[in-house]
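Work through the exercises below with the sequence and the structure open. Each task is followed by a solution in steps.

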Amino acid sequence: QGDVDLSKFDPSKFLRDFYWGEERQEGGRTVREYELVAEDVEIEVAPGVFYPAWAYNGQVPGPTLRAREGDRVRVTFKNRGAHPHTIHFHGIHDANMDGTFELVGPGQEFVYEFDAEPFGCHLYHCHVPPLRKHVEKGLYGAFIVDPKEGRSEADEMVMVMNGFDTNFDTENEVYTVNGVAFHYQRHPIQIKKGQPVRVYLVNMTEFDLINSMHIHANFFDYYPTGTKLEPTEYTDTKMLAQGERGIMEFTYGRTGNFMFHAHVNEFAELGWLGFFEVEE
Amino acid sequence: QGDVDLSKFDPSKFLRDFYWGEERQEGGRTVREYELVAEDVEIEVAPGVFYPAWAYNGQVPGPTLRAREGDRVRVTFKNRGAHPHTIHFHGIHDANMDGTFELVGPGQEFVYEFDAEPFGCHLYHCHVPPLRKHVEKGLYGAFIVDPKEGRSEADEMVMVMNGFDTNFDTENEVYTVNGVAFHYQRHPIQIKKGQPVRVYLVNMTEFDLINSMHIHANFFDYYPTGTKLEPTEYTDTKMLAQGERGIMEFTYGRTGNFMFHAHVNEFAELGWLGFFEVEE
Amino acid sequence: QGDVDLSKFDPSKFLRDFYWGEERQEGGRTVREYELVAEDVEIEVAPGVFYPAWAYNGQVPGPTLRAREGDRVRVTFKNRGAHPHTIHFHGIHDANMDGTFELVGPGQEFVYEFDAEPFGCHLYHCHVPPLRKHVEKGLYGAFIVDPKEGRSEADEMVMVMNGFDTNFDTENEVYTVNGVAFHYQRHPIQIKKGQPVRVYLVNMTEFDLINSMHIHANFFDYYPTGTKLEPTEYTDTKMLAQGERGIMEFTYGRTGNFMFHAHVNEFAELGWLGFFEVEE
Ligand SMILES: [Cu+2]
Ligand SMILES: [Cu+2]
Ligand SMILES: [Cu+2]
Ligand SMILES: [Cu+2]
Ligand SMILES: [Cu+2]
Ligand SMILES: [Cu+2]
Ligand code: NA
Ligand code: NA
Ligand code: NA
Ligand code: NA
Ligand code: NA
Ligand code: NA
Ligand SMILES: [Zn+2]
Ligand SMILES: [Zn+2]
Ligand SMILES: [Zn+2]
Ligand SMILES: [Zn+2]
Ligand SMILES: [Zn+2]
Ligand SMILES: [Zn+2]
Ligand SMILES: [Zn+2]
Ligand SMILES: [Zn+2]
Ligand SMILES: [Zn+2]
């Protein structure tokens, strides 16, 4: 069965890779400078299955941008693709920083700048019409804003649920978390027994109205959108519509291999399934 | 591209139009008398796109009925359509006021009467089988019950999410909020910077399992069903199944044009998309 | 129209039938021993409509297993079907008790053992791939864990939402709560006026991304997954994805017949609809 070419994109690295940008101080405040480049790129979404993506920094999902509440965020966006694109951030910002009006043509650049607020688990994506096309092609990623006071210590990871329409019939044939079908089955996520885990969960699945997350043999505290410090649910299964997202917190108290997957069986069987390998 | 004939139904007026009924005092309590008339009517759901609706008071959505918790609600329903219909209210009431048993035939009338409870954001719709048909044809509207003590001052509006199957294949070709595709793109909703806004959001989309609401560059407090005075979420994206509804509260702190739409891209591109125009 | 053969499976009995297992004391603690047997069995999902199920104890849904928080649960699983099966419990347990790795072949047995935790409204189902097949065939049931301190007195019942693909095209033609289309329309659920009712609601519908529950003329407190003692919502309509579940609590203050059904009109019309008959 083999594997995808992990030298191009490795979901195991992506999982815990947070892009904090270049940190600078300007007039007494923290500014973070990021660069996102839209490219047309062929990606491998399952071993031997290639998809002609439009991608931020050549990867789907795009990098997980992260900042602290109140930081100034400055994102230089370069469009090296063949179509106009933008970056629309879920967050609070000025109308002209919303990525909806100023299309950035091929070869052009745009600088998005805003304060990081509110704290929570957010996302960004291209907002050029037709929206379905620009989203399904892969132009999206997670955007995390930490509370000023931070969160409790945990093994933090990001999981972006998505799908790929590999035969171009406006339905997905491949479903993944973090871009590669069954990656975390071939490469289970290593976690420690007794170690709190925090998952930033984002749904950017196109075509299907919802997606869901189920963890085995355990339960998680769930924080919708991550915008409050108190969880609203304690469960093992949670559905999200596109654009919805939240934070899951859990701790495995036993060692062993534990599955996680969409509790939409079709999606699980088409790639949205993985494992936690819990060790002492 | 033009516009629909706004002299027949104007979603900009509908948006903030609350039908409080005729207020009377009977035996020391407030009675509100409403009239709803079912009619077969052709409506314009997008410029030049007509749909043969069954509609309360000739409009889809029907009027937004509003009362205060504990008021006596008396709704005279007249069926001037060609099929039997009813009005089923989401609310607490007697079994014989539920709009499920007594079908009201063409030319007949029925008076629904009950106390307005509980406070919240509710809905009404016809409940004659086949249900799909009577709902898809447009027989629904919002029903708001204010808490006795009222809610805080805000610029209040109602948004009913729906769809129209204009080619009769049990799928929607047109999606709207408040009945006309892209109306609030052609006619942005005027709001004031710093002014709290309260949206009564109702999903009555037929055929599709969910619909969703996303506002740009801002977040809202969300009150599911509007039945409690504390919000449960602070987010910018919320999905609803048919019959689900809630209250959104938000304030724009900046001027400019801000998009809102279903975060189901297909629905957004088929009409469920609009703008807030925020001014000083 | 007739009825299904209720001597084989009667949803009216199933409704309030909780399988507490054989209770024993071992080393000072309560052990509950259950037996679940997978069988290939033809079931009648609507009058005259038969479905070739795979079923725990010959019924779909399987028995509602119930224990108290902290009890030791011991489930002897016997596979008398023609395919390998397992039992996967939603709950906290060891990796080798998860029903995901050790397939139990035809004629074989397996004993699942774990502590009942956390308290809440859970479920169990077979987890043999292809998952869609093993779930759609009917291998699932509810699993309730009572809090140590118990819950308040109520008329308790279980409702498992599901569907049946009777023509094998990976879509459901029949929708039910508790296995038989329109059963509770033919046989309304008898409840008492003023009597608190508690419904353990589980969604195991395959193929469709969500299902929902609506009660007429009343509202319920909703406890997602039943894992907390405070409700999060007060509503009359709630959607669930597959694997999601919760507890509804309500009291009818008036006598009469009150409908409940999926607020997905298609599902309601294909069988997911019933009545409460409220008497003094
Ligand atoms: Cu885009
Ligand atoms: Cu599983
Ligand atoms: Cu109707
Ligand atoms: Cu948008
Ligand atoms: Cu199975
Ligand atoms: Cu109903
Ligand atoms: Na496809
Ligand atoms: Na699909
Ligand atoms: Na259609
Ligand atoms: Na559609
Ligand atoms: Na079928
Ligand atoms: Na169906
Ligand atoms: Zn784009
Ligand atoms: Zn599970
Ligand atoms: Zn978005
Ligand atoms: Zn009707
Ligand atoms: Zn947005
Ligand atoms: Zn309804
Ligand atoms: Zn099985
Ligand atoms: Zn109702
Ligand atoms: Zn499950």
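**Exercise 1.** Are A:His214 and C:His88 buried or exposed? Find out what the two residues bind and which parts of the chains they come from.

*Solution.* Start with accessibility: in this predicted model, A:His214 and C:His88 are both buried. Residues count as buried under 20% relative accessible area. Next, look for the metal: A:His214 and C:His88 each use NE2 as a donor to the zinc ion (ligand 14), at 1.8 Å. Then place the donors: A:His214 belongs to strand β15 (residues 210–215) of chain A and C:His88 to strand β7 (residues 88–89) of chain C, so the pair joins two chains. Finally, the copper ion (ligand 2) is 4.2 Å from the zinc ion (ligand 14).

**Exercise 2.** Describe the contact between chain C and chain B.

*Solution.* First, count residues: chain C gives 31 and chain B gives 34. Second, take the area: about 2600 Å² is buried between the two chains, with 58% from carbon and sulfur atoms. Third, list the polar links: there are 18 residue pairs in polar contact and 3 salt bridges. One salt bridge joins the side chains of C:Arg254 and B:Asp94 (2.8 Å, N to O). On the side of chain C that touches chain B, the largest share, 5 residues, comes from β20(C).

**Exercise 3.** Which rotation superposes chain C on chain B, and why do the copies meet through different surfaces?

*Solution.* The rotation is 120 degrees, with 0.0 Å of shift along its axis and an RMSD of 0.0 Å. The two copies are therefore related as by a three-fold rotation axis. Now compare the interface residues: only 13% of those of chain C are also interface residues in chain B, so the copies meet through different surfaces.

Technical notes. Residues are numbered from 1 along each chain as its sequence is written. Chains are lettered from A and ligands numbered from 1 in the order in which they are written. This is a predicted model: local features need pLDDT of at least 70, side-chain atom pairs count only at pLDDT 80 or more; totals for chains, interfaces and linings use all residues. Side-chain values use heavy atoms; hydrogens and water are left out. Copies are superposed by least squares on the C-alpha atoms of residues with pLDDT of at least 70 in both. Contact means heavy atoms within 4.5 Å. Donors are N, O and S atoms within 2.8 Å of the metal (3.2 Å for Na, K and Ca); water is not among the atoms, so sites may look incomplete. Helices (H or I, at least four residues) and strands (E, at least two) are DSSP runs, numbered from the N terminus. Buried means under 20% relative accessible area, exposed over 50%, partly exposed in between (1.4 Å probe, protein chains only). Buried area is the accessible area (1.4 Å probe) that two parts lose on being put together, summed over both. A salt bridge is a side-chain nitrogen of Lys or Arg within 4 Å of a carboxyl oxygen of Asp or Glu. A polar contact is a pair of N or O atoms within 3.5 Å; within protein, one must be able to donate a hydrogen and the other to accept it, and residues adjacent in sequence count only if both atoms are side-chain atoms.
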